[in-house]
Amino acid sequence: MTADDLGYVLHSRPYRETSQLVTLFSAAHGRFNAVSRASRQQRGGNPLRPFCALRLGWRGKSELKTLSLAEPLRSPFLFAGARLYVGLYLNELLARLLHEHEPHPKLFERYDKTLDILAQDGEIEPVLRFFELALLDDLGYGLQLDIDMDSGTEVEPELHYVFLPGEGVRLHQPGDRGLAVFSGGHLLAIAGMRLDDPPTLRAAKQLTRLALEPYLGNKPLLSRELFRGGERRAEEQS
């Protein structure tokens, strides 16, 4: 048994009559899948729910582990509305992008802190952008936004640049078509983690979406579709 690890449930689904298949993100072992026997019939409620910090233990030599311990460390974060969709989005990013059994201790700490901040009353957008940038950096896809990839010179605030996913930024040229254009000022602010005004936040959202796209592939994000569906229902009811 591997015990005394901390983790969160990223996704779960029923398995047979009383069990669950769960995707977990742990501090020391990264993302992995496990089966939890009879967890849906536990007295006192099922602890295997999203946004609940757990002490975990498991056994097994195959890729699919068998959980032997799932003990809540504190009450789960109870998100609603837009904050719930953001939490589900974070979970989906981790489930889709992390390799199995590859530790990401700094990212785990960032995720834990992000959930805590999300549970408070502050703005959602900066928290989400900071996590996306940290995720890209931890996966080895960090963004170099303050240097022109072609000339090697520093990005200048008053000029405009195009972003090429997986490569970097370069000076915008008259022949560029179909490429996202960003002001140097916005790029420098994002590189410095200064997301304190709406225009910069909008630029950061566009930038991180472009940066994540090649690694997520063509399969749509379910959390994003759920959020759009929630927005449509809210508009219909207003």
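Visitor: Which residues of helix α4 (residues 184–191) are buried?

Guide: Burial is judged residue by residue, from the relative accessible area, with under 20% as the limit. In helix α4 the buried residues are G184, L187, A189 and I190. The model is a predicted one.

Visitor: What covers the buried residues of α4?

Guide: The cover is found by asking which elements are in contact with those residues. For α4 it includes helices α3 and α5 (198–216), together with strands β6, β7 (168–171) and β8 (181–183). After α4 comes M193, whose phi is positive, near 55°.

Visitor: How many helices and strands does the protein chain have, and in what order do the elements run?

Guide: The elements are read from the N terminus. There are six helices and eight strands in the protein chain, and their order is β-β-β-β-β-α-α-α-β-β-β-α-α-α. The C-alpha trace spans about 65 × 50 × 30 Å along its principal axes.

Visitor: Which figures describe burial, contacts and surface for the chain as a whole?

Guide: Three figures serve here. Of the 238 residues in the protein chain, 40% are buried. Among contacts between residues at least 6 apart in sequence, 56% join residues at least 24 apart. The accessible surface comes to about 13,200 Å², and carbon and sulfur atoms account for 49% of that surface.

Visitor: I should like to turn to charge. How many salt bridges does the structure hold?

Guide: A salt bridge is read from a distance: a side-chain nitrogen of Lys or Arg must lie within 4 Å of a carboxyl oxygen of Asp or Glu. The structure holds five such pairs. One of them joins the side chains of R74 and D112, at 2.8 Å from N to O.

Visitor: Which parts of the chain does the pair R74 and D112 tie together?

Guide: One locates each partner among the elements. R74 lies in the loop between β5 (65–72) and α1 (81–97), whereas D112 belongs to helix α2 (residues 105–118), so the salt bridge ties together parts that are 38 residues apart in sequence. Both partners are partly exposed: R74 has a relative accessibility of 37%, and D112 has 25%.

Visitor: How far apart in helix α1 are R96 and E92?

Guide: Here the spacing along the helix is the feature to read. R96 and E92 are four residues apart in α1, which means that about one helical turn separates them. Their salt bridge has its closest N and O atoms 3.8 Å apart. R96 is partly exposed at 26%, while E92 is buried at 15%.

Visitor: Where do R129 and E132 lie, and are they buried or exposed?

Guide: Both residues lie in helix α3, three residues apart, about one turn of the helix. Their closest N and O atoms are 2.7 Å apart, and the two form a salt bridge. R129 counts as buried, with 4% relative accessibility, and E132 is likewise buried, with 2%. The pair is also part of a network of salt bridges that links E125, R129 and E132.

Visitor: What is the nearest side chain of opposite charge to K65?

Guide: For a buried charge, one looks for a partner and then for the surroundings. K65, in strand β5, is buried yet has no salt bridge, and the nearest side chain of opposite charge is E63, 6.2 Å away. Leaving aside neighbours within four places in sequence, K65 is in contact with F32, N33, A34, V35, W58, R59, G60 and H101.

Visitor: Which residues gather in a patch of negative charge on the surface?

Guide: A patch is a group of like charges on the surface. Here the group is D146, E154, E156 and E158. D146 is located in the loop between α3 (125–138) and β6 (160–164), and D146 is partly exposed at 31% relative accessible area. For the chain overall, the mean positions of the 29 positive and 32 negative charges are 11 Å apart.

Visitor: Which residues are in contact with E102, leaving aside its neighbours within four places in sequence?

Guide: The contacts of a loop residue show which other parts of the chain it meets. E102 lies in the loop between α1 and α2 and is partly exposed at 33%. Its contacts beyond those neighbours are H29 and G30. The C-alpha atoms of E102 and A28 are separated by 8.6 Å, although the two residues are 74 residues apart along the chain.

Note on methods:
Residues are numbered from 1 along each chain as its sequence is written. This is a predicted model: local features need pLDDT of at least 70, side-chain atom pairs count only at pLDDT 80 or more; totals for chains, interfaces and linings use all residues. Side-chain values use heavy atoms; hydrogens and water are left out. Patches are made of residues with over 30% relative accessible area and no salt bridge: like charges are joined within 9 Å, nonpolar side chains (Val, Leu, Ile, Met, Phe, Trp, Tyr) within 5 Å. Accessible areas come from the Shrake-Rupley method with a 1.4 Å probe; for residues, only the protein chains shown count as cover. Lys and Arg count as positive and Asp and Glu as negative; His and the chain ends are not counted. The place of a charge is taken as NZ of Lys, CZ of Arg, CG of Asp or CD of Glu. Helices (H or I, at least four residues) and strands (E, at least two) are DSSP runs, numbered from the N terminus. Buried means under 20% relative accessible area, exposed over 50%, partly exposed in between (1.4 Å probe, protein chains only). Contact means heavy atoms within 4.5 Å.
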